[in-house]
Amino acid sequence: MFADDFPSPDLDDMITEYCNGTVLDIGPGGGYQVKRFKSAYQRGQIEAVYGIEPGVEMHDDLKAEAIKTFGGDATKVYRILNSGAQPNELVPTLAKEGVLVTEGIFDTIVTLRALCGIPEPKETVDMFYRLLKPGGRIIFFEHVVNNCDSERGGSRIAWLLQRVYMLMGWRFWNGGCELTRDTSKNLENAAAGDGGWAEIKILDRNPGGCVPEIYGYMQKKVAAGKAIRATL
């Protein structure tokens, strides 16, 4: 239903400009979004991408898309991990891959329509913050609760309809997506312990509708950095 109607070129431009170093790609599915890393890779910005995808049945398609994007370097550059994104799955998986250290690991975390369905959303986003290196960015495009803020185009009627849709089985029919998550708040609060993010850019898409979305990025302070340790 939501395969590839992303707000291009804005989102692609953000990924091209800010995606660098070691990247954590959350929930890439069958790989429809992998092509968005191509420009950054061709510019020499990306060293490695870890694709976190628990749907093993999609791994072959994901691998094929990685080959289209990275060519002969695909197996070296794009590493597919069979794991959920929630802390109790992702942390041990990264540890087994030998990439988990006592400080931030990733220069960039990319989550495109993934946080609406991930279990333990607040705890997961808090973990993403800790996994970011100082100065790193999380780039996102996510379904969110209608904010009801008329200045931003929000709508209380749409807010109510979101709850009706959830009662009618929205989550079941749309891969676990929860329309009423305040993902923007979760992302912003993840940096509260370090006095907030260094930079936040949030853009609204369809803010008055029943399926509003936000996209943009948040950058961690250069002086910030907390340890995350694996519990195996």
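Okay, quick definition before we start: helices (H or I, at least four residues) and strands (E, at least two) are DSSP runs, numbered from the N terminus. With that, I can place Cys148, in the loop between β5 and α7 (156-167).

Some housekeeping. This is a predicted model, where local features need pLDDT of at least 70, side-chain atom pairs count only at pLDDT 80 or more, and totals for chains, interfaces and linings use all residues. Residues are numbered from 1 along each chain as its sequence is written, and side-chain values use heavy atoms, with hydrogens and water left out.

Let's look at the sheet. There are seven strands in an open sheet, ordered β3-β2-β1-β4-β5-β7-β6, with mixed pairing. Two strands count as paired if DSSP finds at least two bridges between them. At the edges are β3 (78-81) and β6 (199-205); each has a single partner strand, so one side of each has no neighbour in the sheet. From one strand to the next, the twist averages 15°; axes here are lines fitted to C-alpha atoms, for helices over the stretch in contact, and angles run from 0 to 180 degrees between N-to-C directions.

Now zoom in on β4 and β5. Strand β4 (residues 106-112) pairs with strand β5 (residues 132-143) in the parallel sense, over six bridges. If you want to find the register on screen, Ile109 has Ile138 as its bridge partner in β5, and Val110 has Ile139. Strand β5 is mostly covered, with nine of its 12 residues buried. Buried means under 20% relative accessible area, exposed means over 50%, and partly exposed is in between (1.4 Å probe, protein chains only).

Two helices to point out. Helix α1 (residues 10-18) lies across β4, β5, β6 and β7 (213-219), at about 165° to β5. Helix α3 (residues 59-70) lies across β2 (46-52) and β3, at about 170° to β3.

On to single residues, starting with Leu187 in helix α9. Its relative accessibility is 0%, so Leu187 counts as buried. Leaving out residues up to four places away in sequence, Leu187 touches Leu115, Val125, Ile138, Phe140, Trp197 and Met218; contact means heavy atoms within 4.5 Å.

Next, two glutamates. Glu178 sits in the loop between α8 (170-173) and α9 (183-189), and at 17% relative accessibility Glu178 counts as buried. The Glu178 side chain makes a polar contact with the side chain of Arg181, at 3.4 Å. A polar contact is a pair of N or O atoms within 3.5 Å; within protein, one must be able to donate a hydrogen and the other to accept it, and residues adjacent in sequence count only if both atoms are side-chain atoms.

And Glu53, in the loop between β2 and α3? Which side chain of opposite charge is nearest to Glu53? That's Arg36, 14 Å away, and Glu53 is buried with no salt bridge. For charges, Lys and Arg count as positive, Asp and Glu as negative, and His and the chain ends are not counted. A salt bridge is a side-chain nitrogen of Lys or Arg within 4 Å of a carboxyl oxygen of Asp or Glu.

Last, backbone angles. Most residues other than glycine have a negative phi. Arg113, in the loop between β4 and α6 (121-131), has a positive phi near 55°, and Arg113 is buried at 11% relative accessible area. Back to Cys148: its phi is positive too, near 60°, but Cys148 is partly exposed at 25%.
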